[in-house]
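New to this one? Take a moment with the sequence and the 3D view, then read on for a quick tour.

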Amino acid sequence: MIVHKEYMENAFAEFWIENRILYIRYKPDIFMDIEAARLIVADRVTFQKGKLYPILCYAEGIASSTKPARDYLAIKGSVLTLAIAYIASPKVSLAMLHFFKEINKPVVPSEIFTSEMAARKFLHSYLS
């Protein structure tokens, strides 16, 4: 059952809110540089209208990223975020996300999943 659903899209990702969780799906073959990271975060923050959300992020579309972009996403990209669950494919994105989590150390609770059900369960613990 969908209680509340809104949608937004930019050149790099699509965003929607469903059942009090914010979803982000990166478009295919994204090169995440600092400009892309800033635009994604700015659009997400605008879309959230000042409200905190747990985020379920489908990261498979990110082909590569720069260190400044990863640093930005780990710290400034966490604004208005309760927790982040990353969904990764078993191939490249899984290794890339583990690297991101260990090296860049996001400032909000962050976990990596290959199962959407497990990711949602993790995020539901942050909903009041």
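**A quick briefing**

The side chain of Ser110 gets to within 2.9 Å of an oxygen, and that atom is the backbone oxygen of Val108. Keep in mind that this is a predicted model. Besides that contact, the tour takes in some aromatic rings, and there are six aromatic pairs in the structure.

**Around Ser110**

- Ser110 belongs to strand 8, which covers residues 110-113.
- With a relative accessible area of 6%, Ser110 counts as buried, because the cut-off for that is under 20%.

**Trp16, Tyr23 and Tyr58**

- Of the six aromatic pairs, one is made by Trp16 and Tyr23: their ring centres are 5.3 Å apart and their planes sit at 0 degrees, so this pair is stacked.
- Trp16 and Tyr23 are both buried.
- Tyr58 joins in too, as ring pairs link Trp16, Tyr23 and Tyr58 into a cluster.
- Tyr58 also has a charged neighbour: Arg25 lies over the face of its ring, 4.0 Å from the ring centre.

**Phe122 and Tyr126**

- Another of the six aromatic pairs brings together Phe122 and Tyr126, with 5.3 Å from centre to centre and 65 degrees between the planes, which makes it edge-to-face.
- Phe122 is buried, at a relative accessible area of 16%.
- Its partner Tyr126 is partly exposed, with a relative accessible area of 30%.

Technical notes:
Residues numbered from 1 in each chain as written. Predicted model: local features only at pLDDT ≥ 70, side-chain atom pairs only at ≥ 80, totals over all residues. Heavy atoms only, no water. Phe/Tyr/Trp six-rings, centres within 6.5 Å; stacked < 30°, edge-to-face > 60°. Buried < 20%, exposed > 50% of the residue type's maximum accessible area, 1.4 Å probe, protein only. Lys NZ or Arg CZ within 6 Å of the ring centre and 35° of its normal. Helix = DSSP H or I, 4+ residues; strand = E, 2+ residues; numbered from the N terminus. Polar contact = N/O pair within 3.5 Å; in protein donor to acceptor, adjacent residues only side chain to side chain.
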